[in-house]
Amino acid sequence: MKYGFVVPVYNHGSTLEDVVKNLLPYEFPVIVVDDGNDERNKAFIRDVEKKYPLVTVVERKKNGGKGKAMESGLEKAHEMGLSHILQIDSDGQHDTSKIAKFLRRLSAGILNTMKMRLCTA
């Protein structure tokens, strides 16, 4: 299994770096989806991309909401050969300290998983 994170960003660029720092110990790719942000938030995203080699940015020209941002992130994850992703919000609302417990349960077979599938129309 190849894990990664997808972090959709819309108007929360200022909190993105703290979120990414919390994900780095897992050493998984971090796909940041710029969901049509303004220049101020794009600058935060670009700074994070430059600082952290595990970060890959996918840019959407127009805001499409979390669902469209996730579709874009999943497409990139598929291109990168990832089999499983965890979606983490860029505003810091998700407790990233629980990721390790989640991964332990996943590898022990305690949690059911569904392989990532992309639907194409």
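## Exercises on helix α2 and its chain

Helix α2 covers residues 39-51, so to speak a run of 13 residues, and reaches 18 Å from its first C-alpha to its last, close to the 18 Å expected at 1.5 Å a residue. Keep in mind that you're looking at a predicted model.

**Exercise 1.** Work out which residues of α2 are buried and why they sit on the same side of the helix.

*Solution.*
- Step 1: Pick out the buried residues of α2, which are N41, K42, I45 and V48.
- Step 2: Look around the helix axis: these residues cover an arc of only 125°, and that puts them on the same side of α2.
- Step 3: Now turn to the face pointing away from the buried side, where you'll find the exposed residues E39, R40 and K50.

**Exercise 2.** Find out what covers the buried residues of α2.

*Solution.*
- Step 1: Start with the strands: the cover includes β1 (3-9), β2 (30-35) and β3 (55-60).
- Step 2: Add a helix, since α1 (13-23) is also among the covering elements.

**Exercise 3.** Zoom in on N41: is N41 buried or exposed, and what does N41 touch?

*Solution.*
- Step 1: Locate the residue; N41 is part of helix α2.
- Step 2: Check the accessibility. Buried means under 20% relative accessible area. N41 has 3% relative accessibility, so N41 counts as buried.
- Step 3: Follow the side chain of N41, which makes a polar contact with the side chain of D38 at 2.9 Å.
- Step 4: Skip the neighbours within four places in sequence, and you're left with N11, H12, G13 and S14 as the contacts of N41.

**Exercise 4.** Zoom out and describe how the protein chain is built: how many helices and strands does it have, and in which pattern do they follow each other?

*Solution.*
- Step 1: Count the elements, and you get four helices and four strands.
- Step 2: Read along the sequence to get the pattern β-α-β-α-β-α-β-α.
- Step 3: Compare the radius of gyration of the protein chain, 14 Å, with the globule rule: the rule gives 14 Å for 121 residues, so the chain is as compact as a globular protein of that length.
- Step 4: For the overall dimensions, the C-alpha trace spans about 45 × 35 × 25 Å along its principal axes.

**Exercise 5.** Say what share of the protein chain is buried and how its contacts are spread along the sequence.

*Solution.*
- Step 1: Of the 121 residues in the protein chain, 39% are buried.
- Step 2: Take the contacts between residues at least 6 apart in sequence; 76% of them join residues at least 24 apart.
- Step 3: Finish with the outside: the accessible surface comes to about 7300 Å², and 50% of that belongs to carbon and sulfur atoms.

Methods. Residues are numbered from 1 along each chain as its sequence is written. This is a predicted model: local features need pLDDT of at least 70, side-chain atom pairs count only at pLDDT 80 or more; totals for chains, interfaces and linings use all residues. Side-chain values use heavy atoms; hydrogens and water are left out. Helices (H or I, at least four residues) and strands (E, at least two) are DSSP runs, numbered from the N terminus. The expected span of a helix is 1.5 Å times one less than its number of residues. Buried means under 20% relative accessible area, exposed over 50%, partly exposed in between (1.4 Å probe, protein chains only). The arc is that of the directions from the helix axis to the C-beta atoms. Contact means heavy atoms within 4.5 Å. The radius of gyration is taken over C-alpha atoms; the globule rule is 2.2 Å times the number of residues to the power 0.38. Accessible areas come from the Shrake-Rupley method with a 1.4 Å probe; for residues, only the protein chains shown count as cover. A polar contact is a pair of N or O atoms within 3.5 Å; within protein, one must be able to donate a hydrogen and the other to accept it, and residues adjacent in sequence count only if both atoms are side-chain atoms.
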